[in-house]
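Q: Please take a close look at the aromatic rings in this model. Describe how they pair and what surrounds them, then move on to the nonpolar cores and the unusual backbone spots.

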Amino acid sequence: TGTFTVSDKDYDGTIYAIIENNNLSVTGVVTNEEAYLEGIIVEFASAEVGENIPVIITNADIDGEDANNYILSLDGAPTTTANIIDPTYINKVLSDNLVIYPNPFNDYIYLKNTDDISKIIISNIIGQKIIEKKNYKKSKINTNNIDKGIYLITIEFDNGQKQVFKMIKQ
């Protein structure tokens with residue numbers, strides 16, 4: 001039960017969604033037992049550009065010391081909505097000066113022209129936040145502690161707009 005929200009994203013042809021706020025929990029856990037949700041995967045109902053697109057939980061696991069005492073059902077699981085934005089529109093609204101490189105990257109992601117950035121979130125492909133930086137104006141982000149794989153780098157600007165970059169860690 002509970003609620004969750006996901007980030008709006010630029011159209012990328014996929015249904016992947018990134019959880020922004022997670023207030024989900026396992027119901028019916030007996031007092032003094034440990035069982036919680038892990039590996040939550042959420043997806044847009046459609047990969048097309050649009051507003052208020054339903055986002056559903058497609059997979060989750062129960063973890064914790066007493067996880068084997070419980071069975072997870074996603075029937076009736078909470079849903080939310082978010083937007084998939086036409087990237088040609090976003091590129092007109094957002095700072096054309098932002099540069100993020102290299103792609104693929106190793107131990108650092110470098111940024112140029114960070115003056116308008118209010119938040120940077122690095123999430124793995126299943127939507128788990130790996131790194132979050134608020135009011136970040138530096139020119140590089142240390143990524144040597146994250147595993148190889150595909151990551152979504154969400155840049156939020158001072159004007160509230162967001163831009164998502166798909167990047168690969170080697």
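A: Three aromatic pairs are counted in this predicted model, where rings of Phe, Tyr and Trp (its six-membered ring) pair if their centres lie within 6.5 Å, and planes under 30 degrees apart count as stacked, over 60 as edge-to-face and the rest as tilted. One of them joins F105 and Y151: the ring centres are 6.4 Å apart and the planes meet at 55°, a tilted arrangement. This pair links distant parts of the chain, with the two positions 46 residues apart. F105 belongs to the loop between β7 (99-101) and β8 (108-112), while Y151 sits in strand β12 (residues 149-157); strands are DSSP runs of E of at least two residues, numbered from the N terminus. F105 is buried, at a relative accessible area of 0%, and Y151 is buried as well, at 6%. Here buried means under 20% relative accessible area, exposed over 50%, and partly exposed in between (1.4 Å probe, protein chains only).

Another pair is formed by Y108 and Y110, whose planes stand at 40° with the centres 6.1 Å apart, so this pair is tilted. Y108 is partly exposed at 28% relative accessibility, and Y110 is also partly exposed, at 30%. Ring pairs connect Y108 and Y110 with Y101 in a cluster. Y108 has a further neighbour: K140 lies over the face of its ring, 4.4 Å from the ring centre. A charge sits over a ring if NZ of Lys or CZ of Arg is within 6 Å of the ring centre and within 35 degrees of the ring normal.

Y101 also takes part in an unusual backbone link, since the peptide bond from Y101 to P102 is cis, with omega near -10°. P102 is placed in the loop between β7 and β8. In that loop lies P104 as well, and the bond joining N103 to P104 is cis, with omega about 10°. Most residues other than glycine have a negative phi, and most peptide bonds are trans. Two asparagines depart from the phi pattern. N32, in the loop between β3 and β4, has a positive phi of about 75° and is exposed, at 79% relative accessibility. N135 has phi near 50°; N135 is found in the loop between β10 (129-134) and β11 (140-142) and is exposed at 60%.

Next come the nonpolar cores, each a set of buried Ala, Val, Leu, Ile, Met, Phe, Trp, Tyr and Cys residues joined through side-chain atoms within 4.5 Å. The largest has 20 residues, and F4, V6, I40, V42, F44, V55 and I57 have the most contacts inside it. At least two residues of this core come from each of β1 (2-6), β3 (19-24), β4 (36-44), β5 (50-63) and β6 (80-85). β5 gives the largest share, five residues. Leaving aside residues up to four places away in sequence, I57 touches F4, L24, I40, I41, V42, L74, A77 and P78, where contact means heavy atoms within 4.5 Å. Another core of 18 residues lies apart from the largest one, and L98, I100, Y136 and I155 are among its members.

Residues are numbered from 1 along each chain as its sequence is written. Local features need pLDDT of at least 70 and side-chain atom pairs count only at pLDDT 80 or more, while totals for chains, interfaces and linings use all residues, and side-chain values use heavy atoms, with hydrogens and water left out.

Terms used
Helix = DSSP H or I, 4+ residues; strand = E, 2+ residues; numbered from the N terminus.
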